[in-house]
Amino acid sequence: MDQQPGKGEPRKFDPKFRGPIHNRHCTDVLCCVIFIVVILGYIALGILAWVHGDPRKVVYPTDSYGQFCGQKDTINENKTSLFYFNILKCASPVVLINLQCPTTQLCVSECPDRFATYIDMQGSYRHNKSYWEYYRQFCKPGFNKPWKSVAQVIRDEDCPSMIIPSRPFLKRCFPDFSTKNGILTVANQTTFKDGRGKTRNVTDLREAANGINNVLDARSVGMKIFEDYASSWHWILIGLFIAMVVSLLFLVLLRFTAGVLFWIFILGVIGIIGYGIWHCYEEYDRLQGTPGSDLTIYDIGFQTDFRVYLQLRQTWLAFMIILCIVEVFIILMLIFLRNRIRIAIALLQEGSRAIGYIMSTLFYPIITFVLIAICISYWAVTAVFLSTSGEPVYKVMANQTLCKYANLTCDPETFNTTNVTKLCVGAQCTFAFYGGEGFYHKYIFIFQLSNAFVFLWLVNFAIALGQCTLAGAFASYYWAFRKPADIPTCPLFSSFGRAIRYHTGSLAFGSLILAIVQLIRIMLEYLDHKLKGTQNSFTRFLLCCLKCCFWCLEKFIKFINRNAYIMIAIYGKNFCTSAKEAFFLLMRNVVRVAVLDKVTDFLLFLGKLLVAGGVGVLAFFFFTHRIPVFTQETPTLNYYWVPLLTVIIGSYLIAHGFFSVYAMCVDTLFLCFCEDLERNDGSTAKPYYMSASLHRILGKKELSPKKAMG
């Protein structure tokens, strides 16, 4: 037995141990079986949803008769927009989109383009029947009695009492709101006739207009953003390609000049932030004395044109303060951790050497991305089909708040024969939503919850599979006594095969625990959203504490799972045993964990910032026409920040993908190193497996002669 003084439990030396290849057997078989059964059930759930669901219910709006607007091969094929008889009854655009407005909804071929009332139409009908021909397209199908009294038409809702100029949005006719000299107008008019003998101001529509204008402004911004992407997408791809090349070059050069490169990169990040501080100060100073620049962000409120904020001194002052805080924080970190950084660089050099021998690991994140994309696609499609399952449900929509039949289900075919219309004048049986009373429809919510839970489980499994595969490949490198001669052929492929063949159950077990915690967090967020308006302080405090606790629990489980997968890749034991051994191994080396592992993560994060920041600065100068050589090629944009943010975020994600492999490599080498120290003592009988350079930098004085020569 090899006892490490002061480090807890003794470790047994296994003379037959040769790294992560030999002595494998299936682990956590029961969880593997459950996982396979759940996947089969998930497939069955998807088939069930696809049989009952109908995505057309999402794509097409539905009128009061439960018919789709604009659907091919139907009577409404050419009627693509949904028209509301009396939009004044609708509280907000959200009500309109959810089809819960207590007024008749009709599919029309085009939205009204003029002001008109049924009374005016009747007056003009005697002289010119064309008025009726235009007005009747907004009446119920088959209605052809323009002489019917206005009171009866309004009571039966055969036709709208009025029509106002509208434009389609989300395939629904919304009033054509606009502002003229700060005054709300509809088609440049401030008043309109309501068809009941009154002249009303368009401000009566203000409650709906406020929300609709925001939506329409968002649509305008969205169209401009789409135009920017259409004209700059190839330059965005070039920027992302540059980020990929820089990330690859960074990882390759680390093998030879890790120390120099990292200090250059750290100084580069400091320099980029320093340039940002200088630029913010220049803009802050330039705007001094400019009319309107001393206004606060609170004064101007929310603006869809974000360039307005850049004309305020307060905006640049806030940017400058934030960048100064970040700059000071980074400098202090470098001062206090300078010696630890030197040790971290040693591990990075060893990790770069390992990746140099197993270059295929750099591209494994693509497999993880594909698996997660498949999970997301399947979950989204299944969720849509589940949400569109069911038959049309009709409810009584009454104008009177005291109507006892309001919101009760009804049958549109027999509704007119009941006494509801007599007791509640103006009540209608209109389409409400899709649902049902059958077994399947009663448990739609449970199915949606199951869909979300299995989705989380599968995503976490895909991530766990990637971590275990990479850990097995890098462990093969570490436990090769003579590097690179003893590294097995195709270590990444072999590690992937071992993870799937022997440890699917263990990976599923760890993923299951994490998925349960994540589902609980989602439910807590849902409860927080529902109880946001409550005045119960204790409930809000308790919910906040629970959210905090489960957030910490999720982070802890992710940390334990990551290291458990490394131990599974090395020893091939079950999840619980691997998690326990990984935890106690880390606790026996807690100082090394803090110094090496976390500092390495910090340095890799700075590398991500440098890649994203460097490419972002290049993109900023390009899209703002500040590079003379490319002035002619630079596209004209509505918002230059659209492609700029896309390049910055995309560059960060690309760097994160490459560096995540690197971080996994360093974590695996670190755990292998700790295991190496506890198993071996550097003697001829029990030689260290670590490389000579790592052995030297980490402070071990003795090394077997054979290893030193190797």
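Where does D28 sit relative to helix 1 (29-52)? D28 is in the segment just before that helix, a helix here being a DSSP run of H or I with at least four residues, numbered from the N terminus. The model is predicted, so local features need pLDDT of at least 70 and side-chain atom pairs count only at pLDDT 80 or more, while totals for chains, interfaces and linings use all residues. Residues are numbered from 1 along each chain as its sequence is written, and side-chain values use heavy atoms, with hydrogens and water left out.

**Backbone oddities**
- D28 isn't a glycine, yet has a positive phi of about 50 degrees.
- H625 isn't a glycine either, and its phi is positive at about 60 degrees.
- You'll find H625 in the loop between helix 18 (590-623) and helix 19 (641-679).
- H625 counts as partly exposed because its relative accessibility is 39% (buried is under 20%, exposed over 50%, partly exposed in between, with a 1.4 Å probe and protein chains only).

**Helix 16 meets helix 17**
- The axes (lines fitted to C-alpha atoms over the stretch in contact) of helix 16 (residues 537-571) and helix 17 (residues 575-588) come within 8 Å and cross at roughly 105 degrees.
- That makes the two helices roughly perpendicular, a label for angles of 65 to 115 degrees.
- Among the residues in contact (heavy atoms within 4.5 Å) are F556 and Y571 in helix 16, and F575 and L586 in helix 17.

**Helix 11**
- Helix 11 (residues 364-387) has 24 residues and should span 34 Å at 1.5 Å a residue, which agrees with the 35 Å between its end C-alpha atoms.
- Its buried residues include Y364, C375 and F385.

Key: Axes are lines fitted to C-alpha atoms, for helices over the stretch in contact, and angles run from 0 to 180 degrees between N-to-C directions. Angles under 35 degrees count as roughly parallel, over 145 as roughly antiparallel, 65 to 115 as roughly perpendicular and the rest as oblique. The expected span of a helix is 1.5 Å times one less than its number of residues.
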